[in-house]
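Please open the structure in the viewer and keep the selection panel at hand. The tour below proceeds from one selection to the next.

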Amino acid sequence: MADLPEGSSRPAVDDDITLTAELSQTDLQPRVPRNAFLLMIHGDALGQRTEIGHEPITIGRQPPCTIQLPDSAVSRVHCRVVRGEYGVLLQDEGSTNRTYVNDRPVQAHTLQDGDVIRVGRTYFKFLTGDNLEAAYHEEIYRLMTTDALTGAANRRVYQGELTRRFHEAQRYHRPLAILVLDLDRFKRINDTFGHLFGDQVLRRLGALVTVEKREGDTFCRYGGEEFALIMPETALDDARHVAERIRAAVEAATFEYEGKVTPVTVSIGAAECEPGLASPEDLVRVADERLYAAKEGGRNRVV
C-alpha cells in the first residue's frame, strides 16, 4: 500500500469505504472542500445551517455539543464532524441508536456533497461547493415545499394544488380524482416499536407511493400518517386502479424491526370531482368518508 505522508494518520472508515491496496498517491491527495456546511432538513430548527470550519462539530443531546438535539433517541454526545486532511469525516461516538448516512448505519464516513445524515429523528444535508448560497436557497425552497421525511409535497403545496386543480376541473369540465391514504394502526406501531421505526415506515410509504403514482399526480403529506394523491385528468375508475396498486405494494413490502418482520398496511378512500361538490373541501370530505368506510370494513382496502 502507498505510504501516507509523514506525520499524517489514516482516517477511520467503515466497511463500505474501506481503504484498499489499490489507493494511489493521487487518491491520498487532500480533497477537502473549501466551503461546506450542514443544513437541517428535518427537525426543530428546520433550515438551520452550521458552517464546517477547522474546529470539530459535535452533535448530541446535551452541552457542550455544537448542535444540541433534545431527543431521547440522541445520545449525550452522538457523533462529530471533523474537517481533516483527506475530507470531511463523520464519526459516530458510540451512540445507542447509531448514526446514519443515506439510510445506512456508519461508524465513520467520509462525507460527499448531498449526503443525508440522520441523528435520532433529525436529518441534515451536507452541502459543499463554491456556489453554496445558490445551493442553500434552492434547498430552503425545497424544504418549504417538501416533507423531508417522506419526500411528499407538504401541506402548503397540498392546499394550493388541490384548490387550483379543483377550480380547473369545474371550469373546463375536466376529470379530477383524489386518494386519501392512512396507515393502519400507526399509533400502535409507534407505541410498540418507537418513533424511529415509525419514521422508517413513513419514509418507506413515501418511496412506495412515489413509484406507483403516475407522472402529473401530486403526492402530499398533510398530517402525521395522512397522505393524499391529487390526480388531474383522472376518472374514479382509473384512480381506483392506482389506489389498489399502492395498497398492494405496501402490503407486499417488508418492514423489519430488529430482525423481526412487522406487517404494515394502508387504507385508501377515493373520490372524484362531481357537479354536486361546491368546494375542494367537499371533495376531500367524500374521500375521507370513504377512507373511514375502508377502516370500518377491515382496513387494508380501497373504497
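**A tour from L283 outward**

Select L283 first: leaving out residues up to four places away in sequence, L283 touches L162, F166, L176, I178, A271, E272, C273 and L277. The model on display is a predicted one. L283 lies in helix α6 and is buried, its relative accessible area being 0%. Among the residues it touches, A271 merits a distance label: the C-alpha atoms of L283 and A271 are 6.8 Å apart in space, while the two residues are 12 apart in sequence.

**The pairing of α2 and α6**

Next, select residues 155-172, which form helix α2, together with residues 280-296, which form helix α6. Their axes come within 9 Å and cross at roughly 105 degrees. Angles of 65 to 115 degrees count as roughly perpendicular, and α2 and α6 are therefore roughly perpendicular to each other. Show the side chains where the helices meet: α2 contributes Y158, L162, T163 and F166, and α6 contributes P280, L283 and V284. By class, this contact comprises 6 nonpolar residues, 1 polar residue and no charged residues.

**The loop before α2**

Move now to T146, in the loop between α1 (132-145) and α2. Is T146 buried or exposed? Its relative accessibility is 17%, so T146 counts as buried, the cut-off being under 20%. Neighbours within four places in sequence aside, T146 is in contact with G151, A152, A153 and N154.

**The pairing of α3 and α4**

Select residues 186-193 for helix α3 and residues 195-212 for helix α4. Here the axes are 7 Å apart and the helices pack at an angle of about 140 degrees. An angle over 145 degrees would count as roughly antiparallel; α3 and α4 are therefore oblique to each other. On the α3 side, display F186, I189, N190 and F193, which meet H195, F197, G198, V201 and L202 of α4. The residues of this contact divide into 6 nonpolar, 3 polar and no charged.

Remain with α4 and label the C-alpha atoms at its ends, which are 26 Å apart. At 1.5 Å a residue, the 18 residues of α4 should span 26 Å, so the model agrees with the expected value. Then colour the buried residues of α4: F197, G198, D199, V201, L202, R203, L205, G206, L208 and V209.

**A histidine in a loop**

Which loop holds H78? Select the stretch between β4 (67-68) and β5 (79-84), where H78 is found. H78 is buried, with a relative accessible area of 0%. Draw two distances from its side chain: one to the backbone nitrogen of S75, at 3.1 Å, and one to the backbone oxygen of R98, at 2.9 Å. To see the surroundings, display I59, G60, A73, D92, E93, S95, R98, T99, V119 and G120, which H78 touches when residues up to four places away in sequence are not counted.

**The whole chain**

Finally, clear the selection and view the entire protein chain, which has 6 helices and 17 strands. Of its 303 residues, 46% are buried. Among contacts with a separation of 6 or more, 57% are between residues 24 or more positions apart.

Terms used: Residues are numbered from 1 along each chain as its sequence is written. This is a predicted model: local features need pLDDT of at least 70, side-chain atom pairs count only at pLDDT 80 or more; totals for chains, interfaces and linings use all residues. Side-chain values use heavy atoms; hydrogens and water are left out. Axes are lines fitted to C-alpha atoms, for helices over the stretch in contact, and angles run from 0 to 180 degrees between N-to-C directions. Helices (H or I, at least four residues) and strands (E, at least two) are DSSP runs, numbered from the N terminus. Angles under 35 degrees count as roughly parallel, over 145 as roughly antiparallel, 65 to 115 as roughly perpendicular and the rest as oblique. Contact means heavy atoms within 4.5 Å. Ala, Val, Leu, Ile, Met, Phe, Trp, Tyr, Cys and Pro count as nonpolar, Asp, Glu, Lys and Arg as charged, and the others, Gly among them, as polar. The expected span of a helix is 1.5 Å times one less than its number of residues. Buried means under 20% relative accessible area, exposed over 50%, partly exposed in between (1.4 Å probe, protein chains only). A polar contact is a pair of N or O atoms within 3.5 Å; within protein, one must be able to donate a hydrogen and the other to accept it, and residues adjacent in sequence count only if both atoms are side-chain atoms.
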